[in-house]
Amino acid sequence: MWLALRFPHWALDSRAEATNQQPGTSPTLVVAEQRGKRHVVAAGTAALEQGIQRGMLLADARMRLPDARVLTRHIAGEVAALERLGGWAWHYSSQVHIARASERIECARVVFEIGASLRLFGGRRCLLERVRADLDRMGYRYTLGVGDSPHAALAFARAPSQEHRKQGLARLPLACLDLDGQTTLSLKASGLRQAGELLALPPSTLVRRYGKPTLEALECLRGHRPHGLDFYTLPQRYGTRHELTGAVETTQGLVFVLRRVFAELAAFLQGADATIQTLQLKLIHDDLPPTRLLLRLAAPARDAAHLERVANERLARVTLAAPVLEIAVASDRLRRFEYDQNSLWRDTDAAGIEQWPAVLDRLRARLGHDAVGWLYALDDHRPEQASARHDRPAPAHTPTTAPRPMWLLDAPERAPADLTLIAGPERIETGWWQHSIRRDYFRARDGQGRLLWVYRDLAHAQHGDAPVYYLHGLFG
């Protein structure tokens with residue numbers, strides 16, 4: 001069983017903020033040049049309501065909508081969007097075929113096998129509901145068809161109404177079949193109107209009257225011949241470009257655009273069963289070098305809301321040098337998503353630990369990556385060498401036996417006079433081959449109630465002198 005999705009207005013819907021148009025804005029048209037004339041290849045919903053149709057001359061469309069916003073078709077952006085959609089379809093099938101619109105293919109399409117996935121998703125009805133929900137959430141306009149072969153599924157997707165789909169393959173109009181225009185005209189001239197009438201003709205008659213390609217197309221329709229479709233393969237890294245329908249001049253405007261960018265990224269990662277830990281956003285301007293934003297996550301992730309929050313924190317520190325025309329997205333190597341096998345036995349009190357990487361990512365996006373890190377103890381008796389800082393949790397650490405503060409002063413300073421010694425001393429000495437250090441360390445409390453780590457320098461103290469204490473660290 002195969003499912004086919006056709007996207008008649010892909011040239012517009014594939015753009016990043018196409019579905020975020022505010023009410024009251026001008027209708028949008030996408031045009032391409034064909035035989036020296038500019039034709040409409042995609043239109044927004046408002047334009048369609050005013051009678052605009054695909055294939056209409058731009059001059060005729062202008063007569064209906066003189067204030068319409070006209071965009072030029074860019075094939076590269078459509079192909080990049082289809083690649084992203086191919087990754088999303090991997091969530092439902094490993095046999096995915098994608099094709100962009102061309103002179104031979106009337107519109108962009110995605111076809112994938114679903115028969116092997118029906119049981120996994122709870123049956124055909126549940127699977128189709130999930131597919132529709134995903135596409136509606138991503139903002140795509142589409143037609144859907146299901147058939148026993150890829151070509152049959154596409155024929156149902158071309159059906160003019162749901163009633164035609166319910167009546168079966170034989171009742172579909174000839175225009176729903178994957179035949180060239182000249183053959184379709186010849187069939188209609190012979191009095192044929194429906195697919196069943198054509199399928200009832202003997203093979204020899206079909207070849208003699210309409211040629212061998214027509215017979216081959218009908219055999220593919222029935223599933224009696226290999227479909228010959230090439231299947232989409234997942235890339236090792238996620239890399240794509242999002243073309244915008246208009247220049248975005250503020251970071252606040254980018255927030256709404258990035259919402260769809262991350263939604264498509266999350267759909268791709270879910271379909272690929274993968275995660276990422278590093279993502280680079282390149283905001284492309286017209287005449288100036290691009291603005292680069294690097295998002296480094298504390299742990300591999302694929303949640304759109306989390307990526308959006310981190311990006312928003314990062315954007316708050318950015319001032320755009322020029323309007324943004326396009327957004328390029330590139331990730332590090334895709335990592336296999338690791339399912340948590342121990343969640344059933346985890347203590348409910350530890351549930352908050354799982355949220356810590358998300359908080360850390362937002363702090364780093366706001367303050368800078370190097371501003372937040374981990375401090376952990378090392379197995380060394382020298383205070384300056386007993387702790388280290390890393391940008392991720394250490395694989396293992398050795399706690400010291402004596403209580404030590406994690407935060408040390410860069411240079412020790414004279415301790416306050418109002419000290420009350422609490423515990424100590426702990427003597428720390430270096431070897432004869434190193435700089436001579438002999439100190440007695442104490443835990444003390446000053447007049448402000450702070451818990452301090454102070455020492456008395458024995459190497460330079462004279463016998464009989466009053467003890468002088470130096471502040472070296474503070475306890476939390």
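Which residues have the most contacts inside the largest nonpolar core? In this predicted model, local features need pLDDT of at least 70 and side-chain atom pairs count only at pLDDT 80 or more, whereas totals for chains, interfaces and linings use all residues. Residues are numbered from 1 along each chain as its sequence is written, and side-chain values use heavy atoms, with hydrogens and water left out.

The largest nonpolar core (a set of buried Ala, Val, Leu, Ile, Met, Phe, Trp, Tyr and Cys residues joined through side-chain atoms within 4.5 Å) has 62 residues, and those with the most contacts inside it are Trp88, Phe112 and Phe262. Helix α12, residues 251–272, supplies the largest share of this core, with twelve residues; helices here are DSSP runs of H or I with at least four residues, and strands are runs of E with at least two, numbered from the N terminus. A second, separate core of 19 residues includes Ala155, Ala159, Leu174 and Leu192. When neighbours within four places in sequence are left aside, the contacts of Trp88 (heavy atoms within 4.5 Å) include Leu5, Phe112, Met138 and Phe268.

Two residues other than glycine have a positive phi near 55°, namely Arg35 and Asp273. Arg35 is found in the loop between β2 (28–34) and β3 (37–43) and counts as exposed because its relative accessibility is 85%, whereas Asp273, in the loop between α12 and β9 (274–284), is buried, with a relative accessible area of 16%. Buried denotes under 20% relative accessible area, exposed over 50% and partly exposed in between, with a 1.4 Å probe and protein chains only.
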